[in-house]
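Student: I would like a close look at one part of this complex, namely how its chains meet. Could you walk me through that part and then show me what lies around it?

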Amino acid sequence: MNEILFSNQVIIYLLSEATLFFLLFIAFIISVKILIKWDFNSFSPTQFKLEKQAYLVSTITLFVFLIKFILLIYFVFTVDSISVLVPGAMCGAGVITANEYGTVLLGLKFLLLALLIFWFYLQFYDTHTKEHLYFKHKSWVFLAIFVFVVLELFLDFQYFLNIDTHQPVSCCSALFGQLEGANPLPFGLNIPLLLTLFYLLYILVILTLNLNYKVVYIVSNLLFLYIAYYAVVYFFGTYIYQLPTHKCPFCMLQPDYFYIGYFVWGFLFIGTFIGIGDVLSSLVIGIPNLKYQKITSYFLSLFVLLCTSYVAVYWLKNGVLL
Amino acid sequence: MHLLCGCLLAKKWSIIVKKLLPLLIIFVILGISAVIFISMAKNDQPMTIAKGNKEMKVLDFKLNFTNDSHCKMLIHEKRNALEVATPSGKTWFFDDPACMVEWIQDKSFKDSSKIWVYTLDTKRWIDAKKAWYGVTNKTAMHSGFGAREHKIEKSIDFNEMSLRVLRGETLDNPKIRKKLLGD
Amino acid sequence: MITVENLSKTFYNKENKSKILTDINLHIKQGECVILKGISGSGKTTLLSIVAGLDKPSDGKVLIDGDPISKLPDLFASELRAKKIGMIFQHFNLFEHLSVSENVTIPLIPSGLTIKEVSKNVERALKIANIYHKRSLVSSHLSGGEKQRTAIARALVANPEIILCDEPTANLDKENSLLFIETIKELHKMSKTIVIATHDPLFEKLDFDNRIIPMVNGKIVYE
């Protein structure tokens with residue numbers, strides 16, 4: 001049996017995922033039944049029964065989705081902590097690439113995070129209308145989320161079951177280090193241009209969000225997310241590690257760096273998904289004004305400030321840049 | 001009075017700022033577009049894999065600009081360079097026969113691919129499986145296996161060369177070096 | 001003001017089900033005083049709870065000023081209850097450790113009113129219920145009648161249009177019951193819509209406009 005499965009973190013993680021899946025499965029069965037027969041204008045016993053069940057489903061779903069946020073962070077923590085069991089892995093980077101399921105699973109979890117935030121918005125708007133106007137929108141989004149959750153559970157088990165503790169994996173320097181002469185940055189950018197793009201996109205995101213240019217905001221925030229990943233890994237991360245050759249998105253999650261990675265990635269992803277969820281739900285539902293512009297702006301600004309502060313502090317202390 | 005003037009000024013300023021902000025957004029978008037297009041225009045990325053080579057023929061590649069898929073080093077010269085072309089159209093490049101042998105071992109297309117090698121004697125690309133390999137040549141990764149079209153003394157065939165690479169019997173191995181080259 | 005159409009309520013337990021209300025149809029106009037008369041178990045309290053939005057029916061409609069209170073999401077049902085309905089319970093349901101004025105203030109906490117406005121409303125309600133002089137006393141030190149008057153003040157503090165009373169005199173002696181009826185008379189003069197669920201015979205001969213609706217086994221006997 002795979003030693004990975006004896007790790008406490010993995011046991012807790014997999015049991016939690018399985019339990020949440022079971023709860024969601026119940027909610028799924030009830031949701032399908034409700035969607036088929038739902039007619040809010042009816043005062044029949046069936047409709048009253050459906051409304052009670054809808055409340056149950058919403059409660060289960062809300063609870064499960066809130067725990068899923070925490071489990072995403074716990075998944076990252078788990079992957080990082082089992083790096084000691086996997087030869088060659090110095091951090092989560094090596095463990096994630098230990099088999100073909102890891103990267104797909106991580107990507108799926110972030111997609112789920114985005115969908116969950118979108119569902120939260122629909123839930124909020126639905127419970128703030130007298131006639132549950134967005135009940136069907138919310139339910140369909142939930143059904144889509146459930147499909148991804150099924151896939152996620154499958155990948156969770158496949159991933160942890162297939163981590164071979166006898167097969168060495170690549171460490172982050174092999175994964176994120178550059179091919180001789182190669183440029184890993186997108187669009188052929190160099191570091192100065194990458195940073196210019198990073199800050200320009202940040203300004204664009206803040207402006208379009210606060211001036212309600214919804215579609216431009218979504219495009220610019222997604223592009224900012226993409227560029228920010230490279231900026232953190234290939235520039236800001238080197239100041240966190242204080243080593244110009246250390247390029248890794250995972251090492252900064254470790255206690256050696258005061259778990260700063262959780263804040264860096266947390267601010268970025270939460271800010272992005274709250275903002276995009278807000279805009280998407282306002283476009284889908286037809287609400288003119290955005291609700292959470294300030295929170296989105298704060299999270300993204302905190303992210304940029306945190307990254308920039310590492311460079312600034314290094315420069316102030318040493319008088320030079322790496 | 002001063003307070004009133006201050007309030008009016010602030011109001012006027014906020015109106016001006018509100019009108020200017022959309023213009024600022026346009027400038028920022030233009031700036032972003034400029035950065036991306038300039039970068040893409042001068043993008044010189046080394047090649048690692050070529051696509052579209054369904055005929056599995058030899059492809060031209062730029063020296064000092066193409067990476068060996070196994071050791072990730074740039075290929076500096078054609079001598080002993082290899083190309084592995086697969087039926088799917090992809091082609092990989094190597095700077096030493098040892099790199100190619102180690103890389104292709106776990107590939108599903110190991111037997112169906114066409115392997116080309118650039119020879120030392122005839123200075124042309126030939127089928128690597130039909131080439132002969134010297135054992136004491138100077139090669140990029142110090143394996144010693146120099147490719148030739150014509151057999152010479154002490155040269156070995158492709159299968160023997162592959163076996164020796166997998167057994168670690170290359171010039172990189174101090175015992176093998178001592179045995180083949182003396183002290 | 002209050003419309004009930006084809007209302008039914010069934011409680012389910014493991015072995016069987018009990019139909020508490022069957023096809024209730026009722027219309028109560030604004031400013032009307034209605035007495036739901038029936039013995040224990042006739043369904044009066046259940047009907048009152050459903051009208052107040054504290055419970056949901058199994059079938060049928062309940063409309064408060066056109067709003068279907070039984071189908072509103074919690075947020076809206078609570079808002080409707082807070083603004084339009086005041087309820088007086090059989091066992092008073094006061095916070096024993098709080099004073100009279102604190103108990104009466106509680107319904108106004110989520111209202112968004114300023115402290116000054118809240119104090120003004122509380123004082124007005126306490127005076128209407130004739131319990132202002134005991135406003136600082138802790139509820140556990142009050143007599144039954146005084147507790148009932150505190151409950152009345154609490155029901156009135158948000159100035160609701162509808163007052164619902166569930167067996168309001170069940171725990172009172174005759175003197176306090178008559179005092180309660182006098183208060184109801186004053187509320188009727190203030191054009192409040194009043195619905196009282198009771199089996200107290202004192203309510204059969206009120207000296208102000210009222211309508212008695214008898215209930216037997218979950219049904220209205222005649223309208």
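Tutor: Happy to: we will go through the contacts between the chains and then turn to the folds behind them. Please keep in mind that this is a predicted model.

Let's start with who touches whom. There are 2 pairs of chains that touch, and the pair with the most contacts is chains A and B. Chain B and chain C do not touch; 29 Å lies between their nearest C-alpha atoms.

Take chains A and B to begin with. Here 23 residues of chain A are in contact with 22 residues of chain B. About 1,900 Å² is buried between chain A and chain B, and carbon and sulfur atoms give 75% of that area. On the side of chain A that touches chain B, helix H7 (191-210) and helix H8 (214-241) of chain A each supply at least two residues. The largest share of that side comes from H7(A), with 9 residues. What about charged pairs? The rule finds 0 salt bridges across the interface of chain A and chain B. The count of residue pairs in polar contact, with both residues at pLDDT 80 or more, is also 0 across the interface of chain A and chain B.

Now for chains A and C. This contact takes 14 residues from chain A and 14 residues from chain C. The area buried between chain A and chain C is about 1,300 Å², with 63% given by carbon and sulfur atoms. Of the area that chain A buries against chain C, 54% is supplied by Phe43(A), Phe48(A) and Lys130(A), more than any other three residues supply.

Lys130(A) is worth a second look. Its side chain meets that of Asp67(C) in a salt bridge, at 3.5 Å from N to O. In general, side chains of opposite charge can pair when their charged atoms come close. Between chain A and chain C the count is 2 salt bridges, and the rule also finds 4 residue pairs in polar contact across this interface, both residues being at pLDDT 80 or more. Helix H2 (residues 45-81) of chain A gives the most to the side of chain A that touches chain C, with 5 residues.

Where does Asp67(C) sit in the fold of its own chain? Residues 67-68 of chain C form strand S5, an edge strand that pairs on one side only. The sheet in question is open and antiparallel, with 4 strands of chain C in the order S2-S1-S4-S5. The other edge is strand S2 (17-28) of chain C. S2(C) pairs with strand S1 (residues 2-12) of chain C in the antiparallel sense over 8 bridges, and one position to find on screen is Leu7(C), whose bridge partner in S2(C) is Ile24(C). Helix H1 (residues 44-52) of chain C lies across S1, S2 and strand S4 (59-64) of chain C, running at about 120° to S1(C).

Chain C also has an open sheet of 6 strands with mixed pairing, in the order S6-S7-S8-S3-S9-S10. Its edge strands are strand S6 (85-88) and strand S10 (219-220) of chain C. At the S10 edge, strand S9 (residues 211-216) of chain C pairs with S10(C) in the antiparallel sense over 2 bridges, and Met215(C) stands opposite Ile220(C) there. Helix H2 (residues 74-84) of chain C packs on this sheet, touching S6 and strand S7 (162-166) of chain C, with its direction at about 75° to that of S6(C). Another helix, H6 (residues 174-189) of chain C, lies across strand S3 (33-37), S6, S7 and strand S8 (193-198) of chain C, running at about 155° to S8(C).

Back in chain A, there is a salt bridge between the side chains of Lys138(A) and Asp126(A), at 2.9 Å from N to O. This pair joins helix H5 (residues 135-161) of chain A, which holds Lys138(A), to helix H4 (residues 101-127) of chain A, which holds Asp126(A). Over all chains, the structure holds 26 salt bridges.

Finally, a word on chain B, the other partner of chain A. Chain B is divided into domain 1 (13-43) and domain 2 (49-181), and 50 Å separate the centres of these two domains, taken over C-alpha atoms. At the start of helix H4 (residues 174-181) of chain B, a side-chain oxygen of Asn173(B) comes to within 3.1 Å of the backbone nitrogen of Lys175(B). Just after H4(B), Gly182(B) takes a positive phi of about 80°.

Technical notes: Residues are numbered from 1 along each chain as its sequence is written. Chains are lettered from A and ligands numbered from 1 in the order in which they are written. This is a predicted model: local features need pLDDT of at least 70, side-chain atom pairs count only at pLDDT 80 or more; totals for chains, interfaces and linings use all residues. Side-chain values use heavy atoms; hydrogens and water are left out. Domain bounds come from an automatic or database domain assignment. Two strands pair if DSSP finds at least two bridges between them. Contact means heavy atoms within 4.5 Å. Axes are lines fitted to C-alpha atoms, for helices over the stretch in contact, and angles run from 0 to 180 degrees between N-to-C directions. Buried area is the accessible area (1.4 Å probe) that two parts lose on being put together, summed over both. A salt bridge is a side-chain nitrogen of Lys or Arg within 4 Å of a carboxyl oxygen of Asp or Glu. A polar contact is a pair of N or O atoms within 3.5 Å; within protein, one must be able to donate a hydrogen and the other to accept it, and residues adjacent in sequence count only if both atoms are side-chain atoms.
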